[in-house]
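Colleague: I should be grateful for a close look at a single part of this model, with a first-year student in mind. Please examine the pockets and set them in the context of the chain.

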Amino acid sequence: MSAAAPGPTPDGSVAKLIEIAGKPTLGQRMISWASRPPGRLYIPACGAVGLLLLFEDSVPAGHLPTFLVGLVGGLLLAGMGALRLGIALAVARPMIRHYWLRWISAPLIAAAAIGVSAADLPLQARIQASSEDLLALRQEAEDPTTIPLNGEQVGLYSLRSISVSEDITHFAVEGSGLFGPSGLAYSTGEVPEGVFVPGQGSKIYEHVSGDWYVWVDH
């Protein structure tokens, strides 16, 4: 007897059905994406961006590279979250109610990071943790001497230099400042804020806590 003519295999049938069905459209993919709650990647990414911004706030007058990464990452995550929430509200409201804790996690992280930064808590905590080492270094500086430190770690800060002028001790912090050199200042006397102080060149001061200030060179 002759062999039977070859017919379509089951695998071939499945492949044909997939080919007929076609790929999902962009709209279908967006609905499928938004119909799932934020999860393993989105919420940790929000936490990582929040920590980056807290670190940036702990540097006197900010830290430009960290600020840019945090700003771009924060805007991207906020845009993704708003888009996802808008689609979910239109097509999957029960899912939002069921997974409400996941949905509020990102806004809570953002609100906590903004609140802590607005209160200057990261900067105050980092100065407090470093103050003993910074003041010990201050004993080695004399007015009007400037001592280069070339990134030496003192407390939790890497310093470029230390200098004393008119009873104000200036610690130039490595990488600090968004638009110009900046650092920490220590003075037992009150230092005027937001104005140029006679004898201090183009520095402007902002009080942090106790005898500690942030200075920015304009």
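Modeller: Strand β1, residues 146–154, and strand β2, residues 157–165, make a suitable point of entry, for they pair in the antiparallel sense over six bridges. Within this pairing, Thr 146 has Ser 163 of β2 standing opposite. The two strands form a hairpin, with two residues between them. One residue of the turn, Gly 155, has a positive phi of about 65 degrees. It should be kept in mind throughout that the model is predicted.

The hairpin belongs to a chain with seven helices and six strands. Read along the sequence, the pattern is α-α-α-α-α-α-α-β-β-β-β-β-β. The protein chain has 218 residues, and 33% of them count as buried. Among contacts between residues at least 6 apart in sequence, 52% join residues at least 24 apart. The accessible surface of the chain comes to about 13300 Å², and carbon and sulfur atoms account for 64% of that area.

We may now turn to the pockets. Rolling a probe the size of a water molecule over the atoms shows where empty space is left. The largest pocket holds about 600 Å³ of space. Its lining is made up of 27 residues, and those nearest the centre are Cys 46, Gly 74, Ala 78, Ala 106 and Ala 110. Three helices, α3 (42–57), α4 (64–91) and α6 (100–118), each supply at least two residues of this lining. Sorted by class, the lining of the largest pocket has 19 nonpolar residues, four polar residues and four charged residues.

The second largest pocket holds about 240 Å³ of space. Its lining has 16 residues, of which Ala 61, Gly 62, Leu 123, Glu 206 and Val 214 lie nearest the centre. Here helix α3 and the strands β5 (203–209) and β6 (212–217) each supply at least two residues of the lining. Strand β5 gives the largest share, namely five residues. By class, the lining of the second largest pocket has nine nonpolar, three polar and four charged residues.

A reader who wishes to follow this in the structure may begin with helix α3. This helix supplies at least two residues to the lining of the largest pocket, and it likewise supplies at least two to that of the second largest. From there, one may look to α4 and α6 for the largest pocket, and to β5 and β6 for the second largest.

Technical notes
Residues are numbered from 1 along each chain as its sequence is written. This is a predicted model: local features need pLDDT of at least 70, side-chain atom pairs count only at pLDDT 80 or more; totals for chains, interfaces and linings use all residues. Side-chain values use heavy atoms; hydrogens and water are left out. Two strands pair if DSSP finds at least two bridges between them. Helices (H or I, at least four residues) and strands (E, at least two) are DSSP runs, numbered from the N terminus. On a 1 Å grid over the protein atoms alone, a cavity is a set of points where a 1.4 Å probe fits but cannot get out, and a pocket is an open set with protein on both sides within 12 Å along at least five of seven lines; lining residues have an atom within 4 Å of a point. Grid points are joined across faces, edges and corners, and a volume is the space filled by probe spheres set on the points. Ala, Val, Leu, Ile, Met, Phe, Trp, Tyr, Cys and Pro count as nonpolar, Asp, Glu, Lys and Arg as charged, and the others, Gly among them, as polar. Buried means under 20% relative accessible area, exposed over 50%, partly exposed in between (1.4 Å probe, protein chains only). Contact means heavy atoms within 4.5 Å. Accessible areas come from the Shrake-Rupley method with a 1.4 Å probe; for residues, only the protein chains shown count as cover.
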